[in-house]
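Hi,

Here is the structure I promised to pass on. Have a look at it first, and my notes on what turned up follow below.

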Amino acid sequence: MIGLTRIYCYQGEEFRLVDVPTNEATNELSDLSNEGWEIEAAIPV
């Protein structure tokens, strides 16, 4: 999966794993944070 960033996030007891193209990762991180998700890690894969 070259060119992807895997984002690990949670909200309360709910866990979410999101794969996005690396060039869109910054926007996705911002969107998730604005929706109340706590970002655990964002790792290029």
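**What I found**

The chain's secondary structure amounts to 1 helix and 3 strands. Keep in mind while you read that this is a predicted model. Starting at the N terminus, the elements come in the order β-β-α-β. As for overall dimensions, the C-alpha atoms fill a box of roughly 30 × 15 × 10 Å along the principal axes. The chain has 45 residues, and 20% of them count as buried. Its accessible surface is about 3200 Å², with 48% of that belonging to carbon and sulfur atoms.

Now the sheet. The 3 strands form an open sheet in the order E2-E1-E3, and the pairing is antiparallel. Strands E2 (14–21) and E3 (38–44) are at the edges with a single partner strand each, so each has one side left without a neighbour in the sheet. From one strand to the next, the twist averages 15 degrees.

Going through the pairs, E1 and E2 run antiparallel and are joined by 8 bridges. Their hairpin has 2 residues between the strands, and Gly-12 in that hairpin takes a positive phi near 65 degrees. On the E3 side, E1 pairs with E3 over 6 bridges, also in the antiparallel sense. If you want landmarks for checking the register, Arg-6 has Ile-43 as its bridge partner in E3, and Cys-9 has Ile-39 there. Cys-9 also stands opposite Arg-16 in E2.

What makes up the largest nonpolar core? It has 7 residues, namely Ile-7, Cys-9, Val-18, Val-20, Ala-25, Leu-32 and Trp-37. E1, E2 and helix H1 (25–34) are the elements that give two or more residues to this core. Leu-32 is a good residue to click on here: leaving aside residues up to four places away in sequence, it touches Ile-7, Cys-9, Arg-16, Val-18, Trp-37 and Ile-39.

Two other residues caught my eye, so here they are in turn.

Thr-5 sits in strand E1 (residues 4–11). Is Thr-5 buried or exposed? Its relative accessibility is 4%, and the cut-off for buried is under 20%, so Thr-5 counts as buried. The Thr-5 side chain makes a polar contact of 3.1 Å with the side chain of Thr-22. Thr-22 is also on the list of residues that Thr-5 touches, along with Val-18, Asp-19, Val-20, Ala-25, Ala-42, Ile-43 and Pro-44, again not counting residues up to four places away in sequence.

Asn-27 belongs to helix H1. With 53% relative accessibility, against a cut-off of over 50% for exposed, Asn-27 counts as exposed. Asn-27 and Ile-39 are 12 residues apart along the chain, and their C-alpha atoms are separated by 13 Å.

One last number, for the chain as a whole: among contacts between residues at least 6 apart in sequence, 46% join residues at least 24 apart.

Shout if you would like to go through any of this together.

Cheers

Conventions:
Residues numbered from 1 in each chain as written. Predicted model: local features only at pLDDT ≥ 70, side-chain atom pairs only at ≥ 80, totals over all residues. Heavy atoms only, no water. Helix = DSSP H or I, 4+ residues; strand = E, 2+ residues; numbered from the N terminus. Buried < 20%, exposed > 50% of the residue type's maximum accessible area, 1.4 Å probe, protein only. Polar contact = N/O pair within 3.5 Å; in protein donor to acceptor, adjacent residues only side chain to side chain. Contact = heavy atoms within 4.5 Å. Pairing = 2+ DSSP bridges. Axes fitted to C-alpha atoms, helices over the stretch in contact; angles between N-to-C directions. Core = buried A, V, L, I, M, F, W, Y, C linked by side-chain atoms within 4.5 Å. Areas by Shrake-Rupley, 256 points an atom, 1.4 Å probe, with all protein chains shown as cover.
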